[in-house]
Each structure stands twice: as C-alpha cells, then as structure tokens.
Amino acid sequence: MIWPARRLADVQVVGVAARDPVRAEAYARRHGYVALPNGLHGEWAAAALRAGKHVLCEKPFTANAQEARHVMGIARSSGLVCREAFHNSEHPANKRVAELLQASRRTKGTVVARIAERTPQQGPLARGGAIGELLSLTARVLIPSWAFKEGDIRFNEGLAGGTMMDAGCYCADALSFFPGFPPTAVTSAAAKGVLHGCDTGMEARVAYGGKGGGAGQLVGRIEADLRHGGLLPVTLITAEGTRGRLTYDNFVVPFFGHQITLALAPDRGGQPPETRRMSVYGSGESNYYYQLRRFTDDVVALRGGTGARALAEVEASLQKDAADAIANMELVEAIYTAAGLRPRQPTHAWF
Ligand SMILES: NC(=O)C1=CN([C@@H]2O[C@H](COP(=O)(O)OP(=O)(O)OC[C@H]3O[C@@H](n4cnc5c(N)ncnc54)[C@H](OP(=O)(O)O)[C@@H]3O)[C@@H](O)[C@H]2O)C=CC1
Ligand SMILES: O=C1OC[C@@H](O)[C@H](O)[C@H]1O
C-alpha cells in the first residue's frame, strides 16, 4: 500500500496510528502505515467516517454482519467512500476470470467468443460463461503453519481472530465475486482445529439459489487454513461448468505470477476439446496499486472532479460495495454458526 501511495499523485500518507505513540512514530518514520486487528476495524472505520474521512478498510470489514451494517450505514449517510480492501478483486486477472465465468463477452476471435456463440441465450445467469453453466466453485487459501505463531492476532478471539476471518474471508468474497452473485445458504461447515476459540482451518459448503440466487445447481466450497503443512501458500480457484473446467492459481496475489487454465470439453457441434492457458497482468502493477487508484478516482469523482456521469457510477458502485461487504460478513458469520463456533464480536462494545 505504501509503495503505490508514493506513485499516485492523489495520495499522500499523512499519519499512522498505534497504541504507543513512540512505536507509532518509529513505524511512521520507516513505513507510514499501520493495520488493525479485525475486532477494531469497525470501531475505527466509524471514527474515521465521523471525522469526515473516506475509508479503505482492511478485510474482513468488521467482526460480524451487524457491525458491518452499522458502519456502512454511517458511510452511506455521510456520502463518503467506504470500501472493504479486497485488493485482489481489483487486479485485472481476477476481473478477467469473473468475466470468463459470467455471461460471455463476444470478443471476436477469442475462445470465449466461440464458446459464447454455442451457448443458449436463456438470460444472463443461466447462459453461463466460458465453461457453460457453473456447477461448482471452490476457493482455497492455505497459509503455511510457519507464517503465524500461537500468539498472533489471528488466534485471538477477543480481536475477532480465526481462519475464516483471515484466509477464509478471501474465499467468502471469491464465492460471490467470481460468479457475480452471492451464495444463499451454508450447507455444511467444520473447523479443522480450534486454538483459543479461533478456528485454525475451516471447510465449508454453500448453496446458491432461491430468490435472486439465480443458479440453483451451483455448489460453492471454501477451504481455508492457517496451519497448512506445505512450505508455500496455496491460493486457488477451481470452477466446473457444463462445458469444462477453469483453474486459476494465485488468485490472492496474482501480480506475483498466476495462470488461468480453461479446459473445454468437446461439444455436439463438432468443436474439439481445447485447453487454453492465459495470464493477465494489465499494466503490471500490484493489487494494491489498482485498489488505491480506484479508491482515489472515486474520491476525486465524489468531490466533483470528473463530472456527473462518473459521480453517478461511483455512487452506484459504493452501494454495491456496501452490500458486498455486508454479505461477506453474513456468510462468514453463518459459517461460524454452522461450524458450532461463536460468531466473532467487536473487541469493544462501541455501538
Ligand atoms: N490486505 C492485505 O494484504 C493484508 C491484510 N491484513 C489485515 O490487516 C490486519 C492486521 O494484520 P497484521 O498487519 O498482520 O497484524 P499485526 O499482528 O502486525 O498487528 C497490527 C497492529 O495491531 C495492533 N495490535 C495488536 N494487538 C492489539 C490489541 N490487542 N489491541 C489493539 N491493537 C493491537 C499492533 O499495533 P500497536 O501495538 O503498535 O498498537 C499491531 O502493529 C488484519 O485485519 C489482516 O486481516 C494483513 C496482512 C495483509
Ligand atoms: O494477504 C494475506 O495473506 C495472509 C493472511 O493471513 C493475511 O491476513 C492476508 O491479508
């Protein structure tokens, strides 16, 4: 975040916060940014909004859904930008995969266009994307056990820790972001282990469908781990559809290197099976750059700097961001409940 901030003309890092002013000053001198444990996100995001500041809040947005609704209520009534910082969603590779899985783009000459042309036109969700109608979508984020020790904030229930709040919240977001609509129910959830009231790993299944769900046959899966046995992190999206399979590795930090693989089955019209591999780096920036650029563009538009059309678009996207952040926290909370664990609470009873 600090590196992109140095390269974006509209961004200046002007302060950091910590409990101990001496440590804050030392950190500020070195880096200029501090992140807070999950249980304090909502309280400090609200304080910043009340002070008239636009907020880009670390994920997960809050400790639970009630707190998310409360903070987004403050944001929307004050007309400020308030966004959950899923930096990966802003990277062009994530956007491309979402496009591939959603209604097909008719770009001439691409494999996607050919698939789109032999896809029945039954309405945006039923039509499906490059792999046809989605049948299953799995999001895995596995962090090696060496990464976080027992005393880490991620294993502190009082700070709203837990795997589902950390690696797991990327998975929760992915299950809405990639298909373009959110799951409607948690069908199973189990913690792999529990440390100080915090899940050390979580596996969950979700269903889509019912009112507005759109795709009744789709099953979503989450595999999140902060005690993964492998040496390196694994972040992976796997999608199965009626016409093939898509895998996308490194979806959390695609700018380090990633690969999107489309394996398409033969179809009745005589199209042979086909495997396509692609990578999408855009201008080669990190997730954090794209995220910060969108944030500053939105702030400039809200200040009237880019005209009425841009302003209307930003306002619509802020509404969507608010709904997405709340839906993510609802899903995380429902998974805790289904797994027999307490939904997380804010560190202080501040509202
Ligand atoms: N977007 C991304 O790529 C990433 C996001 N994150 C998110 O950032 C947040 C912080 O994670 P991370 O930076 O790893 O955390 P750290 O363990 O580094 O803690 C961050 C700060 O929280 C403060 N803190 C620790 N314990 C307490 C406490 N009991 N009460 C109040 N403040 C406390 C400390 O500040 P001090 O002691 O100086 O007051 C510490 O510097 C999390 O929400 C995480 O999900 C984390 C990593 C990457
Ligand atoms: O990007 C990340 O990777 C590791 C996680 O534990 C961390 O909180 C997260 O944001």
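Here is a short conversation about a predicted model, with questions on its cysteines, a ligand, a loop residue and a helix.

Me: Why does Cys57 form no disulfide?

Reply: The closest cysteine sulfur to that of Cys57 belongs to Cys82 and is 6.6 Å away. A disulfide needs the two sulfur atoms within 2.5 Å, so Cys57 and Cys82 are too far apart for a bond.

Me: And what about Cys171, where is its nearest cysteine sulfur?

Reply: That sulfur is in Cys169, 8.3 Å away, and Cys171 is in no disulfide. By the 2.5 Å rule, the count comes to zero disulfides.

Me: What makes Cys57 and Cys171 count as buried?

Reply: Buried means under 20% relative accessible area. Cys57 has 6% relative accessibility, so it counts as buried. Cys171 has 0%, and therefore it counts as buried too.

Me: Thanks! How do you know whether His196 is buried, exposed or partly exposed?

Reply: Its relative accessibility is 47%. Buried would be under 20% and exposed over 50%, so His196 counts as partly exposed. You will find His196 in the loop between strand E4 (185-195) and strand E5 (198-207).

Me: Which residues surround ligand 2?

Reply: They are Lys59, Ile143, Phe148, Arg154, Asp166 and Tyr170. Sorted by class, this shell has three nonpolar, no polar and three charged residues.

Me: What makes the pairing of Lys59 with ligand 2 a polar contact?

Reply: A polar contact is a pair of N or O atoms within 3.5 Å. In the side chain of Lys59, an N or O atom is 2.6 Å from an oxygen atom of ligand 2, so the pair meets that cut-off. The side chain of Arg154 has an N or O atom 3.0 Å from a ligand 2 oxygen, and for Tyr170 a polar side-chain atom lies 2.8 Å from an oxygen of the ligand.

Me: How much of ligand 2 does the protein bury?

Reply: Taken alone, ligand 2 exposes 270 Å², and the protein buries 74% of that.

Me: One last topic: how do you know how the span of helix H10 compares with the expected one?

Reply: Helix H10 covers residues 307-338, which is 32 residues, and reaches 46 Å from its first C-alpha to its last. At 1.5 Å a residue, 46 Å is expected, so the two values are close. Buried residues in H10 include Val314, Leu318, Asp321, Ala322, Ala325 and Ile326. Just after H10, Gly340 takes a positive phi of about 80°.

Definitions and conventions: Residues are numbered from 1 along each chain as its sequence is written. Chains are lettered from A and ligands numbered from 1 in the order in which they are written. This is a predicted model: local features need pLDDT of at least 70, side-chain atom pairs count only at pLDDT 80 or more; totals for chains, interfaces and linings use all residues. Side-chain values use heavy atoms; hydrogens and water are left out. Helices (H or I, at least four residues) and strands (E, at least two) are DSSP runs, numbered from the N terminus. Buried means under 20% relative accessible area, exposed over 50%, partly exposed in between (1.4 Å probe, protein chains only). A residue is near a molecule or strand if one of its heavy atoms lies within 4 Å of it. A polar contact is a pair of N or O atoms within 3.5 Å; within protein, one must be able to donate a hydrogen and the other to accept it, and residues adjacent in sequence count only if both atoms are side-chain atoms. Accessible areas come from the Shrake-Rupley method with a 1.4 Å probe; for residues, only the protein chains shown count as cover. Ala, Val, Leu, Ile, Met, Phe, Trp, Tyr, Cys and Pro count as nonpolar, Asp, Glu, Lys and Arg as charged, and the others, Gly among them, as polar.
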